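Subject: Structure handover

Hi,

Here is the structure I promised to pass on. My notes follow below it.

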Amino acid sequence: MQSIEWHRHSWLNRLQTLFLMLALLAICTLAGSLLFGEEGIWIALATGVFALIFEPAAAWRLTLSLYRARPIHPQEAPALWQMLQVLAERAELSSVPAPYYIPSPLINAFAVGSRQQSAIALTDGLFKQLNSRELAGVLAHEMAHIANNDLRVMGLADAISRITALFAATGQLFLLLSIPLLLFGEISFQINWPGLLLLLFSPHFALLMQLGLSRIREYDADLNAAALTGDPLGLATALAHIEQVSGGWKSILLPGWGNPEPSWLRTHPPTAERVRRLQALSPSRPQTLWHEPFIAPGYGSRVIVRPARWRIGGLWR
């Protein structure tokens with residue numbers, strides 16, 4: 001692997017992560033200070049410390065149960081477990097993340113938990129569409145999220161965004177309650193319009209910082225996945241394959257269909273840019289972590305396709 005390119009991407013990702021986390025915390029403390037003064041600053045800081053120290057142990061199990069995920073035992077998929085053991089050893093994790101199967105035709109994978117205890121959920125669509133080399137790249141990507149403590153970082157960012165939204169909602173409530181008193185002359189004070197606007201729009205600013213942080217962590221996970229497998233092109237091929245299959249005929253007729261525009265409204269970076277960065281890291285003779293075809297026996301016939309259900313904002317499955 002080209003070490004200079006790897007270190008350049010690594011340091012750039014770290015600096016951007018630090019900047020976005022500081023910006024997110026600054027927005028939250030500013031919103032708190034506008035509403036509660038000095039006490040608001042301490043509330044924001046206490047929320048960040050609480051999110052870092054107290055990590056809910058059962059949250060990841062709840063997430064898996066919501067997706068109707070079930071564990072994949074070693075005797076059911078020995079090749080998958082061997083792949084995970086190799087990657088966990090290279091990532092210097094204390095335990096191997098447990099694989100979980102989600103009976104869904106969608107192509108998706110995600111990690112939950114912490115470095116000490118974690119799981120990687122894989123959908124039936126992922127098993128059916130990716131070959132062994134591509135699957136190794138995806139597993140390495142999720143393993144990198146676990147090794148980098150991205151789950152904790154994003155949990156912290158989410159907690160800060162939520163308390164910022166709470167500050168803004170409280171400010172709006174105070175404003176609505178004060179309007180009748182202002183109209184009838186019960187109270188009289190000078191409204192700080194710049195501060196009020198900043199307070200009202202602070203959740204949107206925090207969300208943009210959170211989305212930017214998510215994109216940076218995805219780049220960093222790609223970078224570390226390439227280091228774990230020694231095969232950046234494996235992950236690059238998987239990303240291109242997933243986008244092609246997920247987009248269907250609409251992605252062919254309408255390039256970029258399904259991706260929010262502009263790009264700073266996305267949780268993930270553009271696939272083309274991720275592939276380009278991975279290709280720049282490719283050595284002349286890449287390693288291949290697993291050569292044999294991978295099969296998850298007995299799972300293909302259990303796919304559950306649920307009808308679409310309505311909620312505010314659209315349909316979901």
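Before the helices: contact here means heavy atoms within 4.5 Å. Axes are lines fitted to C-alpha atoms, for helices over the stretch in contact, with angles from 0 to 180 degrees between N-to-C directions. Helices (H or I, at least four residues) and strands (E, at least two) are DSSP runs, numbered from the N terminus.

This is a predicted model, so to speak for its limits: local features need pLDDT of at least 70, side-chain atom pairs count only at pLDDT 80 or more, and totals for chains, interfaces and linings use all residues. Residues are numbered from 1 along each chain as its sequence is written, and side-chain values use heavy atoms, leaving out hydrogens and water.

Now the sheet. It is open, with four strands in the order 1-2-4-3 and mixed pairing (two strands pair if DSSP finds at least two bridges between them). Strand 1 (70-71) and strand 3 are the edges. Strand 1 runs antiparallel to strand 2 (residues 98-102) over two bridges, and Arg70 has Tyr101 as its bridge partner there.

Two helices lie across this sheet's strands: helix 3 (residues 59-66) covers strands 2, 3 and 4, at about 150 degrees to strand 3, while helix 6 crosses strands 3 and 4, at about 150 degrees to strand 4.

Helix 6 also gives the largest share, eight residues, of the largest nonpolar core, which has 38 residues. Ile120 is among those with the most contacts inside it, and its contacts beyond four places in sequence include Leu84, Phe110 and Met143. (A nonpolar core is a set of buried Ala, Val, Leu, Ile, Met, Phe, Trp, Tyr and Cys residues joined through side-chain atoms within 4.5 Å; buried means under 20% relative accessible area, with a 1.4 Å probe and protein chains only.)

Cheers

Notes. Buried < 20%, exposed > 50% of the residue type's maximum accessible area, 1.4 Å probe, protein only.
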